[in-house]
Every structure is written in C-alpha cells, then in structure tokens.
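Hi,

Here is the structure I said I would pass on. Have a look through it, and my notes on what turned up follow right below.

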Amino acid sequence: MDARLKVRNTKSIVFKSIIIFLAFVITIPLIIILLYIIKQGVTQVNWHFLTHVPAPVGETGGGISNALLGSIIIVALSSLIAIPTGILTGIYLSENATTRLAYYAGLCVDILQGVPSIVVGMVVYFWIVKPLGTFSALSGSVALAIMMLPIVIRSTEQTLKLLPDSLKEAALSLGVPYHRVILKVIVPCGFAGILSGIMLSVARIVGETAPLLFTAFGNPYLSAAITKPMQSLPLLIFNYATSPYDEWHNLAWGASFILLMFVLLLNIFTKLITRKWNIQL
Amino acid sequence: MEHSVISASNFNAWFGDNHAVKDVSIKIEKNQVIAVMGPSGCGKTTFLRCINRMHELVPGARTEGMLKLYADDIYTMNPIYVRYKIGMVFQRPNPFPNLSIYDNVVAGYKLNGLKIPKVEMDHIVEKSLTSAALWNEVKDSLHKKGTFLSGGQQQRLCIARAIAMEPEVILFDEPTSALDPISTSSIEALFHELKANYTLIIVTHNMQQAARVSDKTAFFYLGELVEFDNTRQMFTAPKDKRTQNYITGRFS
C-alpha cells in the first residue's frame, strides 16, 4: 500500500516538474527576442531619431518621424472606424443572442478573425485603392479596421454577456428607456472589458504589415494627408530591414524597438486600467 | 367614485404556451400592504411583473384582460410611465455597481436624463434614504459605491431607489429571500412605515412573513387567485379548502 502511494506521489511530482519546466522553457525565446531587439534598437533611439525623416543612402543620421506620424494617423483612423461599429455590433450580439441574424453575424465575425491579413489588404486594394487610383492612408486604415473589428466585437459581446440580467431589470423598472439602459448602465458596467478589448485590438494592428503593403504603401517623406500614400512603422521596418544598407538596418532596429515598447506599454496600461475600472458585481 | 389603486379583471398571462396567470380579478386599495403567497410556479411573481409591465420583456410573453392603475388601463399606457408610477424591488439586491450610493438613490432621475437642481437632489436622497431606514448608516459614505454595503443595506438602498421616484405602488418580489434574519426583520419593519405613503404588494414564499406584515393576503394556486381577504381572516378561517391546506402545510 505504502509503495503504491509512493509511486503515485512520484508521478505527480514528475508531472508537476514537467509543467514548470515547459512553462519556463517557452518564456526563453520571448526573453531572447526582447533582449535582442532592445540591444539592437535602444542605441538608435534619441530625439533626432524621433523627429527626422530617414536620411538618403550614404548620409548618416535620419529618423523615423514619418513612420511614427503615419502609424499614429492610420491607427487612429482605423480605431475611429472599428471601435464604434465593433461596440454596437457586440451590443447587438449580446442582447439578441438567440436571433438568426446574431447567429450568422457571429459566424461572420469568427470567419473574419481567421482571414489572413494579406487577403484583407488585397480586398481593400480592389475596393478602394483601384477605384481611387492611388495608394492612401485611408485605404490602409480600412484594412486595419477590418482586422480590428472581430476583436472589438467579441470582447464587447463576451463582457456584456457576463453582466447579470438583474442589472438591466433594475434600470428598466425605474422607467429607463431601453437605449438609455444600454448606454448608461450596461456599457459603463462592462467598460473595463470593452476597453481591454480595444487596447488588445490596437496592439494587434499596430504591427500589421501585410494589409498595408498595397494600401498605405509607404512614403519616404513626412505626410499627414490621408488620401496620399503614408509611411508606417511596420512598413518602414519591412522596407529597410530588407535593404542592403547598414544605416537602414539600424533604422529598422530602432523602429522595431519603438513598436515593441508601444505594444508593451499598451498592454501594461490595459492591465492597470482594467484593474482600476473593474466593477465589483 | 373612488378607484382602487390597482385593479385587475379577468387578467391572464402566458409564457409561450404556459398559461401562468389565469383569470385573475382583484382590487387593491390605497395605503395597504398586500401579501401575495402561494407555492412555487403558481404565477404570483408573473402577476407581479405584469403590474409594472416587466413580464412583457421576456420573449414569448403575452397578456390578456384588464389591469388598471386607478382609472387608467396599464396596458394602453406608455410602459415607461407605468414604471415611474409603479416601482419594484427585486429578489436579489441589485444596486448599480457603477454608481455611488447617492447616485443609486437618484438613478431613476439621472438615468432618465432628468435635470434637477443639486439642492433638490440632495433633499430627495436624504428623504428616500431616511424612509428606507438607511440614512444613518450611509450618510457619511454617500459617494462610495453602493456595492460596498451589506446585502440587507443594499436591499434597503434598492427600496430607497424605488421610493425616490415617488411611485404610487411599490412591488416587492420576495424581497427578503436572499437576506439574513436580522436584515429581514429590518425590512419587514420598514413595510409598516412605508404604507403611510405607498401601496405595497409583496410576493413572499414565507407564510409567517405574510402574516406579520400584510393587511390583506392573496393566495395563488396553479395560476388562479384562490382567495383574497384580510390577512387575519385568511390565516384563522380561510374560506377555500386549498388555502387551508396550504396554510396548514398539507402541500407546498
């Protein structure tokens, strides 16, 4: 009897050790990548780097201001398109879960989430770039907004579904009309969850390159015109890292570092905000 | 002619195919406490939720017959107006978790976007919380979240929230079933105070509670209103055999 117990104990110790070991192993590549990018990128970053456009081949210096501004504009524009649409769709799906429309809409959201980003880029190319006859920041934003939508929709839906019905009943029993119940009670109570979905979706798209290749296209100059081609961080990294020049490689490392820091900060910020806004039910 | 506050005649309600409330006719007079009791699934909660038109929010719900608030047909009134006039307190305390105690009390005004001067708002809050016997406990923490309170306090906050709208009638759906005995007795004590200004309709599983707090009792069985009489009469000499069986515990 004792011997069998011992065997069992040993088995669970071995099992536990394997889990811990594997969990530890998978963090190693991540840490190596982080350290490598930081090591290569951090030396490139200074005020000059952030405020100047890339220098032509052969000249030293130069920065990524065009890509930085471009990324901010393109992401802001996609958020403007995807966040309101996504939240409203999420509200619909959580409020009318049993309808046929909700079933098919939910299915579409799942499929959309699985569409490769390069395919989204190509579709937007045929929808917007070709008819307008020019690459543009706007078309890039539309492509990224399509990438954002499923994340915003699902996180809104899941958050709101977790709220108890009693909350809605409480508001309705006070004579509050339905739209106000949603906007003043349901959405504020699920705010933390919705916000973290938004943050995640932004973190997701800010590094997307493929959909921008033939939509925003890239631009070596500083530009804020949304109907013209625009540079962005992932595009700059893609173009410069594949170039044969060392200066440009360094620029790409610096841009990678900035992009990484942005995503990292966004994640930390999301954690803090959801903790602060989280509502005790 | 003086109208009853709530009167129903041949009122029916369904959930899909389930005929939950059958041909109920009842007259409820002003400033009384009415207990509605009966075994589970007898339609008492459904009837209660028909009075402020919460029943119709369930998919497949349907009603028939006449239900009046004074002389007005509840089912031709705007449901939003009905719910202003007929407040409700639920089985589980459900204060708004995103609002402070203060804002919870005036939630009926704030969520409806009604603009009221601050002084008047303060007055409503103090008056409602006092009526709900909660003012002394929370007056120093009005701007804390309502969910920090204990269960019994939360339920009294919900009562204050209903009172703040100055309704004619307040419906209670098993208001103490989720509370401990001390909180229960404080809420029962509250019913006596509240009936000076409001008409209370209380659904309860608890016969002792019905006997303690109500002026009149309605007994529902299988969707029918079996008997409606003075509480004392009902508990000492019920007219219907089924009521007698229920009260003496021969079925539950």
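Asp110(A) comes out as partly exposed, because its relative accessibility is 42%. Keep in mind throughout that we are looking at a predicted model. Asp110(A) makes a salt bridge with Arg154(A), with 3.0 Å between the closest N and O atoms. That pair ties together distant parts of the chain: Asp110(A) sits in helix α4 (residues 100-114) of chain A and Arg154(A) in helix α6 of chain A, 44 residues apart. Unlike the partly exposed Asp110(A), Arg154(A) is buried, because its relative accessible area is 18% and the cut-off for buried is under 20%.

Now follow the helix along a little. Glu157(A) has a salt bridge with Lys161(A), again with the closest N and O atoms 3.0 Å apart. Both residues belong to helix α6 of chain A and are four residues apart, about one turn of the helix. Glu157(A) is buried at 6% relative accessibility, whereas Lys161(A) is partly exposed, with a relative accessible area of 42%. Put the two pairs side by side and you get a network of salt bridges that links Asp110(A), Arg154(A), Glu157(A) and Lys161(A).

How many salt bridges does the structure hold over all chains? The count is 16. One of them is in chain B, where the side chains of Asp122(B) and Lys118(B) meet at 3.0 Å, N to O. These two lie in helix α5 (residues 118-131) of chain B, four residues apart, about one turn of the helix. Asp122(B) is partly exposed at 32% relative accessibility, and Lys118(B) is exposed at 56%.

On to where the chains meet. Chain B and chain A bury about 1700 Å² between them, and 66% of that is on carbon and sulfur atoms. Pro97(B), Asn98(B) and Leu111(B) are worth finding on your screen: they supply 31% of the area that chain B buries against chain A, more than any other three residues. In terms of residues, 24 from chain B and 19 from chain A take part in the contact. The rule finds one salt bridge across this interface. Glu169(A) and Arg49(B) also deserve a look, as their side chains meet in a salt bridge at 2.6 Å, N to O.

Arg49(B) turns up again among the residues that His55(B) touches, as do Trp14(B), Phe15(B) and Cys50(B), to name some of them. Is His55(B) buried or exposed? It is buried, because its relative accessible area is 1%. You will find His55(B) in the loop between α1 (44-51) and β4 (61-69) of chain B.

Next, the inside. Nonpolar side chains tend to be buried together in soluble globular proteins. The largest nonpolar core here has 136 residues, and the members that touch the most others are Ile6(B), Phe47(B), Phe96(B), Leu129(B) and Ile201(B). Helix α6 (residues 137-162) of chain A gives this core its largest share, twelve residues. Phe47(B) has contacts with residues including Phe11(B), Val24(B), Leu67(B) and Phe220(B), leaving out anything up to four places away in sequence. Another core, of nine residues, lies apart from the largest one, and Met207(B), Ala210(B), Phe219(B) and Val226(B) are among its members.

There is something nonpolar on the outside, too. Val14(A), Ile18(A), Phe21(A), Leu22(A) and Val25(A) form a surface patch with about 440 Å² of accessible area together. Val14(A) is in helix α1 (residues 2-41) of chain A, and at 43% relative accessibility Val14(A) is partly exposed.

Finally, a couple of backbone oddities to check. Asn10(B) is not a glycine, yet has a positive phi of about 45 degrees. Its place is in strand β1 (residues 6-15) of chain B, and at 47% relative accessibility Asn10(B) is partly exposed. Glu174(B), another residue other than glycine, has a positive phi near 45 degrees. Glu174(B) sits in the loop between β7 (169-173) and α8 (181-194) of chain B and is buried, with a relative accessible area of 10%.

Over to you!

Definitions and conventions
Residues numbered from 1 in each chain as written. Chains lettered and ligands numbered in written order. Predicted model: local features only at pLDDT ≥ 70, side-chain atom pairs only at ≥ 80, totals over all residues. Heavy atoms only, no water. Patch = residues over 30% accessible without salt bridge, like charges linked within 9 Å, V, L, I, M, F, W, Y side chains within 5 Å. Areas by Shrake-Rupley, 256 points an atom, 1.4 Å probe, with all protein chains shown as cover. Salt bridge = Lys/Arg side-chain N within 4 Å of Asp/Glu carboxyl O. Buried < 20%, exposed > 50% of the residue type's maximum accessible area, 1.4 Å probe, protein only. Core = buried A, V, L, I, M, F, W, Y, C linked by side-chain atoms within 4.5 Å. Contact = heavy atoms within 4.5 Å. Buried area = accessible area lost by both parts, 1.4 Å probe.
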